[in-house]
Amino acid sequence: MICLSRCRSFVLVLCFFLALMNFPAADARIRRFKWDVRYEYRSPDCVKKLAITINGQSPGPTIKAQQGDTIIVELTNSLMTENVAIHWHGIRQKGTPWFDGTEGVTQCPILPGTTFKYQFVVDRAGTYLYHAHYGMQREAGLYGSIHVSLPDGVSEPFRYDYDRNIILTDWYHKSTYEQAVGLASVPFQWVGEPQSLLIHGKGRFNCSKLTTTSLDAGLCNVTNPECSSPFTLTVVPGKTYRLRISSLTALSALSFQIEGHNMTIVEADGYFVEPVVVQNLFIYSGETYSVLVKADQDPSRNYWATTNIVSRDPSNTPPGLAIWNYYPNHPRRRPSTGPLTGPAWNDTAPRKAQSKALRARQGYVHPPPPMSDRVIVFLNTQNQINERRHWSVNNVSFTLPHTPYLIALKENLTHVFDQTPPPTGYDFLNYDINIVQPNKNATLGNGIYRLDFNSTVDIILQNANTMTPNNSETHPWHLHGHDFWVLGYGDGKFDLFNDPKNYNLLDPVLKNTVPVHPRGWTALRFRADNPGAWLFHCHIESHFFMGMGVVFAEGVDKVGKLPSSIMGCGETLGRHSP
């Protein structure tokens with residue numbers, strides 16, 4: 001009888017544990033958002049202009065979710081006369097490539113007066129972004145953050161008391177339409193340097209420098225509550241803060257610093273990294289970092305946090321200012337010192353040092369495949385094509401077709417874009433990257449790079465001189481649908497035979513956005529394991545508008561049935577349904 005009773009108890013316990021194994025400890029949630037996107041007058045730097053808002057906000061609302069959650073965003077386009085699309089920057093869209101939000105690549109744009117539903121899973125914890133991906137709308141204020149937390153019971157390999165969010169941007173007083181027309185004009189009209197730098201949507205322009213005559217007496221108003229005081233981050237003495245710092249600048253590379261405080265980099269583009277202590281955080285458009293900052297200075301006063309332009313002459317753009325406010329000091333109490341000046345804008349050494357210092361955190365290393373199946377070299381050049389100024393990759397300036405690539409590839413519409421593969425390299429032996437080149441064979445094109453599914457691909461980003469003598473620019477490149485290993489950086493021309501010997505194959509950091517420094521190169525490796533069509537482009541708005549991008553296609557035969565909601569343009573006119 002005792003044996004029988006024990007056996008029955010064992011069976012009951014076994015059934016209980018089996019039930020637990022088949023029932024998840026914490027169900028993945030569905031997070032629903034309803035967004036109304038429209039133009040509103042805003043004065044983020046005291047100058048009144050039209051900005052694109054989400055539910056009246058710019059920056060838009062922060063999406064907070066947990067790894068494995070499903071995000072549903074119902075977006076109503078209330079721009080009246082303008083299309084829109086939203087890219088979920090850093091979200092790989094595994095199984096949902098049609099919701100990457102890239103107009104012309106993965107979807108048709110969302111028409112005025114219509115509502116579009118994005119639905120995707122956030123499969124990895126970390127700090128990410130969302131922003132407009134139609135024309136140059138991002139710089140009009142249409143952007144925000146995505147914070148994805150770890151599953152219950154799992155913690156980060158670092159400790160902090162509070163979690164805060166800061167988005168850094170630059171700000172122009174001209175509309176995106178004025179800028180786009182200038183970029184496409186003959187003669188060429190460059191957008192120039194931004195008028196202001198914003199820290200989480202707040203800046204301050206000197207109204208006495210306003211050069212545009214206006215009938216609106218309140219065009220520049222320093223008493224406007226939107227700009228009358230800097231962005232303030234209140235801290236409790238002795239506590240440690242995780243600052244999620246992101247950049248969505250239209251043009252500028254930035255340095256961010258907090259007076260008297262060190263910052264420790266612990267996360268980059270969603271991946272944990274070996275701690276790196278910095279006084280200046282260099283950040284490029286499209287990048288996200290988490291830094292730890294301890295409020296360990298004299299708490300009787302406040303401190304400046306500043307952002308400065310690097311890599312371009314900042315003389316026409318004042319620093320962005322914020323207040324690091326020690327509680328219980330008044331948040332508007334000005335620091336007793338002047339704002340930090342920031343590092344020299346044309347000193348590349350510390351910027352390169354930070355890039356090279358980033359390594360995957362021990363215990364969280366994802367080693368890359370030891371070898372690649374394919375190597376593609378992308379020469380970044382500036383060109384004159386049909387009297388117009390362009391940016392190009394291997395002398396091809398990218399243009400978007402009228403029918404999005406994902407739809408054309410899935411439905412075998414071979415006539416809607418050029419079927420000739422673009423160049424996979426350049427004249428390595430004879431091309432001098434240090435001088436202005438005529439690039440007489442430069443052309444416009446919309447061909448794509450077809451990658452074997454599950455293959456390993458190396459990308460070498462090679463920088464060069466622009467069409468201005470003694471000038472080479474910094475380009476932050478962003479890859480949609482993937483993360484890549486950053487294998488190395490170098491100066492001058494990449495050596496296909498010798499430089500790969502120095503790749504970091506032990507603990508390279510994984511990222512989705514990376515800079516290529518002036519007259520230098522950056523080497524990347526990724527697995528083509530995400531079926532779809534994916535954009536890879538310079539994240540500077542004007543550079544991509546002028547043609548600095550490419551498209552990869554991989555495993556398209558494995559993509560599921562496309563939703564009709566992404567159609568309605570080009571060859572798919574009349575096939576759209578919400």
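**Close-up 1. Four charged residues share a salt-bridge network.** In this predicted model, salt bridges join R92, D123, R124 and D483 into a network. One of the links in view is D123 to R92, with the closest N and O atoms 2.8 Å apart. D123 sits in the loop between β6 (115-121) and β7 (126-132), and R92 in the loop between β5 (86-89) and β6, so this pair ties together parts that are 31 residues apart in sequence. D123 is partly exposed because its relative accessibility is 31%. R92 has a relative accessible area of 18%, so it counts as buried. If you go looking for other pairs, the whole structure holds 20 salt bridges.

**Close-up 2. E473 and R312 pair up across the chain.** Here the side chains of E473 and R312 meet in a salt bridge, at 3.2 Å from N to O. The pair links distant parts of the chain, 161 residues apart: E473 is in the loop between β25 (456-462) and β26 (475-479), and R312 is in the loop between β18 (303-310) and β19. Both ends are tucked away: E473 is buried at a relative accessible area of 12%, and R312 is buried too, at 14%.

**Close-up 3. The largest cavity has E473 and R312 in its wall.** Stay with that pair for this view, since E473 and R312 are among the residues that line the largest cavity. The rest of the lining is L251, S252, A253, Y284, S285, S311, T474, P476, I540 and H543. Sorted by class, the wall has five nonpolar, five polar and two charged residues. The space inside comes to about 90 Å³. Across the whole structure, the search turns up eight cavities of 30 Å³ or more.

**Close-up 4. R359 reaches D507 in another long-range salt bridge.** The closest N and O atoms of R359 and D507 are 3.6 Å apart. Again the pair links distant parts of the chain, with the two positions 148 residues apart: R359 belongs to the loop between α3 (349-357) and β20 (374-385), and D507 to the loop between β27 (484-491) and β28 (510-511). The two ends differ in cover: R359 is partly exposed at 32% relative accessibility, whereas D507 is buried at 12%.

**Close-up 5. The largest pocket holds about 1,000 Å³ of space.** It is lined by 46 residues, and those closest to its centre are Y172, H173, K174, Q195 and F205. Four elements give two or more residues to the lining: β1 (30-42), β2 (49-54), α2 (176-183) and β19 (320-326). The largest share comes from α2, with five residues. By class, the lining splits into 19 nonpolar, 17 polar and 10 charged residues.

**Close-up 6. The second largest pocket also draws on α2.** This pocket has about 770 Å³ of space. Its lining counts 33 residues, with E103, Y134, G135, L400 and F545 closest to the centre. At least two lining residues come from each of α2, β21 (388-393), β22 (396-398) and α5 (541-545). Here too α2 gives the most, with four residues. The class count reads 16 nonpolar, 12 polar and five charged.

**Close-up 7. A nonpolar patch sits on the surface.** Y162, V236 and Y327 make up this patch, which covers about 280 Å². V236 belongs to the loop between β11 (231-235) and β12 (240-247). With 31% relative accessibility, V236 counts as partly exposed.

**Close-up 8. Two cis peptide bonds lead into prolines.** The bond from S58 to P59 is cis, with omega near 0°, and P59 lies in the loop between β2 and β3 (63-66). The bond from V186 to P187 is cis as well, with omega near 0°. P187 is in the loop between α2 and β10 (196-199).

**Close-up 9. Two asparagines have positive phi.** N55 has phi near 50°, a positive value in a residue other than glycine. It is found in the loop between β2 and β3, and is partly exposed, at a relative accessible area of 39%. N439 has phi near 45°, again positive. Its place is the loop between α4 (405-410) and β23 (443-445), where N439 is buried, with a relative accessible area of 8%.

Note on methods. Residues are numbered from 1 along each chain as its sequence is written. This is a predicted model: local features need pLDDT of at least 70, side-chain atom pairs count only at pLDDT 80 or more; totals for chains, interfaces and linings use all residues. Side-chain values use heavy atoms; hydrogens and water are left out. Patches are made of residues with over 30% relative accessible area and no salt bridge: like charges are joined within 9 Å, nonpolar side chains (Val, Leu, Ile, Met, Phe, Trp, Tyr) within 5 Å. Accessible areas come from the Shrake-Rupley method with a 1.4 Å probe; for residues, only the protein chains shown count as cover. Buried means under 20% relative accessible area, exposed over 50%, partly exposed in between (1.4 Å probe, protein chains only). On a 1 Å grid over the protein atoms alone, a cavity is a set of points where a 1.4 Å probe fits but cannot get out, and a pocket is an open set with protein on both sides within 12 Å along at least five of seven lines; lining residues have an atom within 4 Å of a point. Grid points are joined across faces, edges and corners, and a volume is the space filled by probe spheres set on the points. Ala, Val, Leu, Ile, Met, Phe, Trp, Tyr, Cys and Pro count as nonpolar, Asp, Glu, Lys and Arg as charged, and the others, Gly among them, as polar.
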